[in-house]
Amino acid sequence: MLGTAPTTPVHRSQTADVIVIGGGLAGLAAAHHLTGAGLDVLVVEASPAVGGRMATTRLDGYRLDHGGQLLCPDWPELSNLPALGALALRPFAPGAVLRGAERSVRVSGHRTLRPGRGVAPARGRSRTLTGALDAARLRHQLSRLAGTPVERLAARSELPAGRALAARGVPSRTVDGMLRPLVGALLGDPDLSSSSRVVDLALRGFARRGLCLPAGGSASVPELLAGALPEGTVRTGVRAVSVSVNAVDTAAHGRLRCRAVLIATGAAEAAVLLPGLRVPEYHPVTVLHHAADAAPPNPDGPLTSLIIDSERRGPVAHSMVASAVDPSRALPGRTLVTSVVLGRRAHDSLACLDRAARPQLSALHGVDAGHWELLEGFREPHAVPAMPAPHDARRPVRVLAGLYVCGDHRDTGTAQGALYSARRAAGAVCRDFGVSGAPAAALRLVA
Ligand SMILES: Cc1cc2nc3c(=O)[nH]c(=O)nc-3n(C[C@H](O)[C@H](O)[C@H](O)COP(=O)(O)OP(=O)(O)OC[C@H]3O[C@@H](n4cnc5c(N)ncnc54)[C@H](O)[C@@H]3O)c2cc1C
């Protein structure tokens, strides 16, 4: 696994100004803000490596993400954290390809409606024209969204996204054939159950800057954060079992003393340490990694396209030639195809998903995927926090003076949300400590 934390020398003192529990994105980002403000910080991480849900396994020269995370270059926290200055983002071809059995369109905020070369023609002329009109309308809507100030989006009334789109007069065929699969890829929510505000913000980011993969795999993000912290800040293999405002009890490393505790675990673990804390529902995600014989030809666009199945013809929601987007994910001459399963099917066994996915992957990539080798699959039932309406993307991060909480469950269920919640929580700690240099919290909402 990537993301091995710098190990702490045994002589490191068992006290710190702030103990951060959890070495995922939120905990590591918070540690940066706090050390940047001059505080002495200790991050305790239960696993042998940092990164939490942003994990990557190395296998025979492949880098296999557990989450297949898609990032949006529009997210402010990716550029606002100096420690992430060295993060290379590998962009997909603009927008995404929505591929159905008979027709394929590329959607983005700037260009869309590009009928795919080599894709079987639509059955009837009227259906082709309807599809073309729908795609043109969607392009227009995405372009408008890209130019809409966030404050205007945030002021809209908030409904379940599916209902909001219907209320805005978006035809159900556009919702089902285009927006539902696109929002599935953006938020792990193929049912459009998320808050319309969160969906608007996610679509806005997609329309403005598209999507990308972090070079080297998802784990490279926490790995960069951990590597840029002062030596000895992170201790892996240390599980917190209870907290108070000035101490953390651990499973096997005794009591660690401090002036404040910041809980940066996932929601369920946070609720064990802080009984009564709200635990959201989660969207499950399963990721399949296949080694292809050769780079699939991609019938209608660059090999670096994100390909979304607009008709849900099998378990895979979206798929990508990950080694084309980010060449570091496979040795030269090898091809890694990464596919993501969302919704109920994400609970199926890997063997069952692999079997069912082959014909679908053949159709999506325009080659026979029957001979591809399944390298690995990762199932995560608690992948992405659900964000039903009304969604509070600024949940309190200060429990009381000395006790704080951050993570994607306090903000939006994305890497941006995890990072931003860390900024807010570190700011609250600094204010309570009366320390100057607290990280500035922007007002801008992003999903
Ligand atoms: C399969 C999958 C797909 C995803 N897809 C996307 C995507 O496309 N785009 C996107 O933006 N986001 C995506 N996400 C969500 C994104 O990965 C998370 O929002 C983000 O990683 C959350 O970071 P975090 O620090 O809040 O929590 P976590 O990553 O869960 O970190 C919490 C850490 O706390 C540690 N911990 C827990 N309990 C204890 C304890 N008692 N003591 C010490 N340590 C403890 C854990 O081991 C873990 O390392 C996906 C997630 C998954 C799993």
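The legends below describe several close-up views of a predicted model.

**View 1. Helices α6 and α7 pack against each other in this predicted model.** Helix α6, which covers residues 172-187, and helix α7, which covers residues 196-209, pack at an angle of about 85°, and their axes are 10 Å apart. Because angles of 65 to 115 degrees count as roughly perpendicular, α6 is described as roughly perpendicular to α7. On the α6 side, the residues that meet the other helix are Leu179, Leu182, Val183, Leu186 and Leu187, while α7 brings Val198, Val199, Ala202, Leu203 and Phe206 to the contact. Sorted by class, this contact of α6 with α7 consists of 10 nonpolar residues, with no polar and no charged residues.

**View 2. An open sheet of seven strands has helix α6 lying across it.** Read from one edge to the other, the strand order is β7-β6-β14-β15-β16-β13-β17, and the pairing is mixed. The edges are formed by β7 (104-107) and β17 (373-385), each of which has a single partner strand, so one side of each is left without a neighbour in the sheet. Neighbouring strands of this sheet are turned by 20° against each other on average, direction ignored. At the β17 edge, β13 and β17 pair in the antiparallel sense over nine bridges, and within this pairing histidine 290 has leucine 374 in β17 as its bridge partner. Helix α6 lies across β6, β7, β13, β14, β15, β16 and β17, and it runs at about 125° to β14.

**View 3. The second largest pocket holds about 410 Å³ of space.** Of the 20 residues that line this pocket, Pro190, Arg312, Leu342, Gly343 and Arg344 are the closest to its centre. The elements that give two or more residues to the lining are α6, β13 (282-292), β14 (306-309) and β15 (316-321), and among these α6 gives the most, with four residues. In contrast to the contact between α6 and α7, which has no polar and no charged residues, the lining of the second largest pocket has eight nonpolar, five polar and seven charged residues.

**View 4. Strand β12 pairs with β1, β11 and β19.** Strand β1 (residues 15-21) and strand β12 (residues 255-263) pair in the parallel sense over six bridges, and alanine 16 has cysteine 258 in β12 as its bridge partner. With β11 (residues 247-250), by contrast, β12 pairs in the antiparallel sense over three bridges, one of them joining aspartate 249 to arginine 255 in β12. These two strands, β11 and β12, form a hairpin with four residues between them, and glycine 254 in the turn has a positive phi of about 70°. The pairing of β12 with β19 (residues 403-405) is again parallel and runs over three bridges, with valine 405 in β19 as the bridge partner of isoleucine 263.

**View 5. Two loops contain backbone features that deserve a careful look.** As background for this view, most residues other than glycine have a negative phi, and most peptide bonds are trans. Aspartate 60, in the loop between β3 (56-59) and β4 (62-65), has a positive phi of about 50° although it is not a glycine. In the loop between β17 and β18 (398-400) lies proline 390, which is joined to alanine 389 by a cis peptide bond with an omega of about -10°.

Notes: Residues are numbered from 1 along each chain as its sequence is written. This is a predicted model: local features need pLDDT of at least 70, side-chain atom pairs count only at pLDDT 80 or more; totals for chains, interfaces and linings use all residues. Side-chain values use heavy atoms; hydrogens and water are left out. Axes are lines fitted to C-alpha atoms, for helices over the stretch in contact, and angles run from 0 to 180 degrees between N-to-C directions. Angles under 35 degrees count as roughly parallel, over 145 as roughly antiparallel, 65 to 115 as roughly perpendicular and the rest as oblique. Contact means heavy atoms within 4.5 Å. Ala, Val, Leu, Ile, Met, Phe, Trp, Tyr, Cys and Pro count as nonpolar, Asp, Glu, Lys and Arg as charged, and the others, Gly among them, as polar. Two strands pair if DSSP finds at least two bridges between them. On a 1 Å grid over the protein atoms alone, a cavity is a set of points where a 1.4 Å probe fits but cannot get out, and a pocket is an open set with protein on both sides within 12 Å along at least five of seven lines; lining residues have an atom within 4 Å of a point. Grid points are joined across faces, edges and corners, and a volume is the space filled by probe spheres set on the points.
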